[in-house]
Amino acid sequence: MDKPLDPVAFYNNLKEKLQETSVWPTEYLYKFIIKSDVVKLNTIECIFDNMGAVIKTIPSKNGNYTSVSINVIMHTPDDVISKYKEVGSQVEGVISL
């Protein structure tokens, strides 16, 4: 059985990779999958509101799930991680890719 991933270690690793691979500020692509639900989608849109984000949604074949892609200029790796945490804490069942 796989051991659950430590969120602190995960975000530290992500921050390190973002620092190594990008020049900041940079355009960042967030990808999420949610159960198709207007409230969940609106919550994600509000989290990225007033940031100049371009948000694209694609429903699954049967319409049960929605893929959400968000392109937005982020200033630091910490800003990127902060948004992941905000979405994760406000949108139940969200999958971050």
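What follows is a friendly conversation about a predicted model of a protein chain.

Visitor: Which pattern does the protein chain follow when read along the sequence?
Guide: Happy to start there, keeping in mind that the model is predicted. The protein chain has 3 helices and 4 strands. Read along the sequence, these elements give the pattern α-β-α-β-β-α-β.

Visitor: In what order do the 4 strands form the open sheet?
Guide: As background, strands of a sheet pair through backbone hydrogen bonds, either parallel or antiparallel. Here the pairing is antiparallel, and the 4 strands of the open sheet come in the order S2-S3-S1-S4.
The edge strands, each pairing on one side only, are S2 and S4 (95-96).

Visitor: Which strands does helix H2 touch as it packs on the sheet?
Guide: Helix H2 covers residues 38-47, and its direction makes about 165 degrees with that of S1. The strands touched by H2 are S1, S2 and S3.

Visitor: How many bridges join S1 to S3?
Guide: S1 and S3 run antiparallel. One of the pairings places Leu 29 opposite Asn 71 in S3. The number of bridges joining S1 to S3 is 10.

Visitor: And over how many bridges do S2 and S3 pair?
Guide: Let's look at some partners in S3: Lys 56 is bridged to Ser 69, Thr 57 to Val 68, and Pro 59 to Thr 66. The sense of this pairing is antiparallel, and the number of bridges is 6.

Visitor: Which residue in the turn of the S2 and S3 hairpin has a positive phi?
Guide: S2 and S3 form a hairpin with 5 residues between them. In that turn, a phi of about 80 degrees belongs to Gly 63.

Visitor: Why does strand S2 lie largely in the open?
Guide: A residue counts as buried under 20% relative accessible area. Strand S2 has 6 residues, 54-59, and it lies largely in the open because the number of them that are buried is 0.

Visitor: Is Thr 66 buried or exposed?
Guide: Thr 66 lies in strand S3. Its relative accessible area is 12%, and the cut-off for burial is under 20%. Thr 66 is therefore buried.

Visitor: Which side chain makes a polar contact with the side chain of Thr 66?
Guide: Leaving aside neighbours within four places in sequence, Thr 66 is in contact with several residues, including Phe 32, Ile 33, Ile 34, Thr 57 and Ile 58. Ser 36 is also in contact with Thr 66. At 2.8 Å, the polar contact of the Thr 66 side chain is with the side chain of Ser 36.

Visitor: How many aromatic pairs are there, and what is the geometry of the one formed by Tyr 28 and Tyr 84?
Guide: A pair of aromatic rings is described by the distance of the centres and the angle of the planes. The count comes to 7 aromatic pairs. For Tyr 28 and Tyr 84, the centres are 6.1 Å apart and the planes make 90 degrees, so with over 60 as the cut-off this pair is edge-to-face.

Visitor: How many residues apart are Tyr 28 and Tyr 84?
Guide: Tyr 28 is buried, and Tyr 84 is too. Tyr 28 sits in strand S1 (residues 26-35), whereas Tyr 84 sits in helix H3 (residues 77-90). This pair links distant parts of the chain, and the separation in residues is 56.

Visitor: Which residues form one aromatic cluster with Tyr 28 and Tyr 84?
Guide: One member, Phe 48, has Lys 83 over its face, at 5.7 Å from the ring centre. The cluster joins Tyr 28 and Tyr 84 with Tyr 30, Phe 32 and Phe 48.

Visitor: Which lysine lies over the face of Tyr 11?
Guide: The distance to look for is 5.0 Å from the ring centre of Tyr 11. The residue there is Lys 85.

Visitor: Is Phe 10 buried or exposed, or in between?
Guide: Phe 10 is found in helix H1 (residues 7-21). The C-alpha atoms of Phe 10 and Tyr 30 are separated by 16 Å. With a relative accessible area of 38%, Phe 10 is partly exposed.

Visitor: To finish, what percentage of the residues count as buried?
Guide: The C-alpha trace spans about 40 × 40 × 20 Å along its principal axes. The protein chain has 97 residues, and the share that count as buried is 29%.

Methods
Residues numbered from 1 in each chain as written. Predicted model: local features only at pLDDT ≥ 70, side-chain atom pairs only at ≥ 80, totals over all residues. Heavy atoms only, no water. Buried < 20%, exposed > 50% of the residue type's maximum accessible area, 1.4 Å probe, protein only. Helix = DSSP H or I, 4+ residues; strand = E, 2+ residues; numbered from the N terminus. Pairing = 2+ DSSP bridges. Phe/Tyr/Trp six-rings, centres within 6.5 Å; stacked < 30°, edge-to-face > 60°. Lys NZ or Arg CZ within 6 Å of the ring centre and 35° of its normal. Contact = heavy atoms within 4.5 Å. Axes fitted to C-alpha atoms, helices over the stretch in contact; angles between N-to-C directions. Polar contact = N/O pair within 3.5 Å; in protein donor to acceptor, adjacent residues only side chain to side chain.
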